[in-house]
Each structure stands twice: as structure tokens, then as C-alpha cells.
Amino acid sequence: MPYNVDDRQQPIRDQIKEFAEKEIVPVYEELDRRPEEFSREHYKKLAKAGYVSFAMPKEYGGGGYSNIEYITMMEELSYWDPGTGLMAAIPQLATYPLYAFGNEEQKKKYLPKCASGEIIPSFVLTEREAGSDASNQSTTAVLEGDHYVLNGEKIFIMHGDVCDLGVVYAKMSDNAGRTRISAFLVETDTPGWSARTLQHKMGMRAATTGLITLENVKTPKENMLGEQGRGFIIALNTLDGARIGVAAQGVGISQRALDESIKYAKKRIAFGAPIAKLQAIQWMIAEMATKTEAARLMAYKAATLQDNGQKYTVEAAQAKMYATEVARFCVDRAMQIHSGYGYIGEFSIIEKLYRDQRVTEIYEGTNEIQRFVIANNLLR
Ligand SMILES: Cc1cc2nc3c(=O)[nH]c(=O)nc-3n(C[C@H](O)[C@H](O)[C@H](O)COP(=O)(O)OP(=O)(O)OC[C@H]3O[C@@H](n4cnc5c(N)ncnc54)[C@H](O)[C@@H]3O)c2cc1C
């Protein structure tokens, strides 16, 4: 049983196990194997259970859970199916800027609908020339009368192909002639918004990924999120917290790879005995277990700092970097332990975990960017 630092964690693990056995285990293979297609039905089930708005304040329809509870939920969902975990993480990523920086009117208008699953939100930052270098935005916003008019293209946006609300980042000139990034709430049924589903994603296939084109998309003046020119700060602040959630995805993937490996090693016979009797296999299991626990503790530390209102940028980057690289180690060792029965997906979940893990080292800041964040803070 995973180690908890807080009494509130185990009931969450138990609740998710129950949910997973009923709602994830029967469908996760189908969600992974079929062509890219978003399952509203699966999303609605997550919303009904409260998992798309777990940390959102209760007054807006969310669960009001702490960050330590949120990452416990994320670890457990990712244990059962990393793609489903990601499906629940995206609305959290997209609504955080709204509940942390939005005004009361904006929060009341959009958050309860996001919490109930009635509308699907996306976090719309990345562009072809603005990935790691996210400040290099080409998308523009211009104030015309009562509206901002947005033009540009966004890539790799989770649920961007199906979302109803985009938290969109765009550059804008202010009265002093400075060009800075601002954040906007954009309803996607607005003329000029078009999107398509990106094809052939390697893993995390329950959650879809979109390419969005904005052609003279109008959003009302009152839909600017936070102050003009503060959009990049909002994005960075959001990503700081979200990285702890990605660390939890890594921990969930690692734990699953470990548990499957232990089960398999005890039953697979080679040379007349279970492979679990071989020191070569035992060492792999020992290293997987140790690294997984270290990653979990790092995620707990970052979430606890966040819950206590302390600075957590470095710890979040460390947890994300370490936990996702441990997850790579664990899925790789699990593949080795399962060998042919790991590589061929019809025999075990290892082939899927191997594919699902990879993007955790890429999104919400690549692990090179995490190293940059850590070193930059330490060398100040
Ligand atoms: C499945 C998926 C889902 C995503 N979801 C979203 C989403 O919902 N919303 C959103 O806005 N974005 C999303 N992204 C975008 C994601 O955050 C970016 O892909 C990521 O930040 C990297 O940008 P890039 O792919 O353009 O790589 P690049 O920035 O082109 O990087 C290429 C390589 O150069 C390295 N590199 C770049 N700069 C530096 C540096 N300064 N120091 C060291 N190394 C460096 C990188 O680490 C990487 O190895 C998603 C991406 C994927 C694949």
C-alpha cells in the first residue's frame, strides 16, 4: 500500500480504486486502441465523480481539496489509466488561471459549468514557435470597440479539439507601445475558432490533442483574465502547480509498472523456478520500488509547500523531472521483466504504460526546462 503523509489520502485511494474498477478497467483498452476520438461519456463520468474539479474551490462547484489530496487522486487515476488521469488533469490546468486570477463574475459564469462537465476547458498556450520558449507568442489580440480580436494558431492543446472554453494567451500592445502577453477567456463557438484533432499520438490516448486556428475571433472586453500584460505570469504560475500533478502521474505509472512486475515475476517460470528467485530480477524490483518511493515523497513535499502557501517552484520542477524519469526507468524495467509479454500489448498493460509515460517528460515544460528552472533559481 503506498505510503501516505496525511490521513486524508487513503480514503481517496480507496474511492478511486472503486471508481476505476467500475469505470476505467472495462474501457481503458478501447479508449487507447481506437482512432483518436474524445469520449464525452468517459469525461462526464469523471466530472460526476468530482475528478475534473478536485482542487477547485467548493463555492464554484469544485471539490475544494488540498494539493496533497489532489496529487493522491492524480496518482491513483494514473495508476489505473494514465490517459484517464490526464483527462482529469486538463480541466484542472485550464481552470486554475480562472479561479486564481479571474474576477468574481468570470468565476461564477464559467467555473460551475466546468466542474459539472457541462463545458470542457482547455489551456491554450503553445504555438509552433512557442513551445519551451512560450513567451515567443505570435497570436495577437487587438482591442476593437467592446471586443478583443484574436488571430493566430495554437498547437498540442489537450482537449483543444473538443473544448468549449479556451484560456488563450496572446500578445498585445499597450498604450506605452510595449508588447506583452495577456490571457483571455474565449468561448469556442465564436465565429473564427476552428480546431482539429491531432493524429497518431503515441500514448495517453483517452485524452485528445488539438490544433486550433483563430481567425478574427472576438471575445468581449470583460473576458480578459487578470490584468493586461500579466498573461505570462498567469501561465507560469499555473504551470508551477500543474507540474506537481505531472509528478503524480509519473508516480502512478511507476507504481503500476512495479506492481505488475512483482505479480509477473512470481508466476513466470524459467529454468524450473519463478523468475522472482533470480537476483537479476530482484535488483530491478528493488530499484523500481526505491525510486518510486523517492519520487512520491518529492511530490508530497512540493504539494505540502504549495498547501502551506510557501514557495514551491524549485520543488515542483524537481518532483516533475525526477518522478517522470523514474517512471521511464520503471516502465523500461517492467518491459524487461515481462520481456515478450511486455512488448506485445495483448498480454499486459506494460506496452501501454511504456507509451503513456513518454509525454510526461515533455509536457508542462520539458525536463530540460525543469533543469533550467531549478538551476536558475539556485544560481541566483
Ligand atoms: C501530448 C501533449 C499535450 C500538450 N498539452 C498542452 C496543452 O494542453 N496546452 C499547451 O499550451 N501546450 C501543451 N503541450 C505543449 C508542450 O508543453 C510543449 O510540447 C513543450 O513545452 C515543448 O515544446 P516543443 O514541443 O515546441 O519543444 P521545443 O521547445 O521545440 O524543444 C525541443 C527540444 O529543445 C529543448 N530545449 C528548448 N529550449 C531549451 C533550453 N532553453 N534549454 C535546454 N533545452 C531546451 C527541449 O527540452 C526539447 O528537448 C502539449 C504537448 C504534448 C506533446
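# Walking through the fold

Student: F156 is found in strand 3 of this predicted model. What is its phi near?

Tutor: Strand 3 covers residues 147–158, and F156 sits inside that run. F156 is a residue other than glycine, yet its phi is positive. The value is near 65°.

Student: Which burial class does F156 fall in?

Tutor: Count the C-beta atoms around F156: there are 19 others within 10 Å. Being buried takes 20 or more, and being exposed takes 12 or fewer. So F156 lands in between, as partly exposed.

Student: And H159, buried or exposed?

Tutor: H159 lies in the loop between strand 3 and strand 4 (165–173). Its phi is also positive, about 60°, although H159 is not a glycine. The cut-off for burial is 20 or more neighbours, and H159 has 26 C-beta neighbours inside 10 Å, so it counts as buried.

Student: Let's zoom out. How does the radius of gyration of the protein sit against the globule rule?

Tutor: The protein has twelve helices and ten strands. For 380 residues the globule rule gives 21 Å, and the protein is as compact as a globular protein of that length. The C-alpha box is roughly 80 × 45 × 40 Å along the principal axes. The radius of gyration comes out close to the rule, at 21 Å.

Student: What helix gives the most to the largest nonpolar core?

Tutor: That core holds 112 residues, and F184, A247, A299 and V331 touch the most other members. A299 is in contact with I71, I244, A247, A248, V251, A319 and A323, once neighbours within four places in sequence are left aside. One of those contacts, A247, falls in the 231–267 range of the helix you want. With 14 residues, the top contributor is helix 7.

Student: Where does the ligand sit, in terms of domains: which of them give at least three residues each to the shell?

Tutor: There are 19 residues around the ligand, with L125, G131, S132, T366 and E368 coming nearest. By class the shell has eleven nonpolar, six polar and two charged residues. Strand 1 (121–124), strand 3 (147–158) and helix 12 (367–378) each supply at least two residues. At the domain level, the contributors of at least three residues are domain 2 (121–228) and domain 3 (233–378).

Student: Which elements give two or more residues to the side of domain 1 that touches domain 3?

Tutor: Domain 1 spans 9–116, and its C-alpha centre is 20 Å from that of domain 3. The contact takes 22 residues from domain 1 and 21 from domain 3. On the domain 1 side, the residues divide into 13 nonpolar, six polar and three charged. The elements in question are helix 4 (67–80) and helix 5 (82–101).

Student: Last one: how far apart in space are T190 and L214, C-alpha to C-alpha?

Tutor: T190 is in the loop between strand 5 (179–187) and strand 6 (193–197). With 16 C-beta neighbours inside 10 Å, T190 counts as partly exposed. Not counting residues up to four places away in sequence, T190 touches V217, K218 and T219. T190 and L214 are 24 residues apart in sequence, and their separation in space is 9.8 Å.

Note on methods:
Residues are numbered from 1 along each chain as its sequence is written. This is a predicted model: local features need pLDDT of at least 70, side-chain atom pairs count only at pLDDT 80 or more; totals for chains, interfaces and linings use all residues. Helices (H or I, at least four residues) and strands (E, at least two) are DSSP runs, numbered from the N terminus. The radius of gyration is taken over C-alpha atoms; the globule rule is 2.2 Å times the number of residues to the power 0.38. A nonpolar core is a set of buried Ala, Val, Leu, Ile, Met, Phe, Trp, Tyr and Cys residues joined through C-beta atoms within 7 Å. Two residues are in contact if their C-beta atoms, placed from the backbone, lie within 7 Å. A residue is near a molecule or strand if its C-beta atom, placed from the backbone, lies within 6 Å of it. Ala, Val, Leu, Ile, Met, Phe, Trp, Tyr, Cys and Pro count as nonpolar, Asp, Glu, Lys and Arg as charged, and the others, Gly among them, as polar. Domain bounds come from an automatic or database domain assignment.
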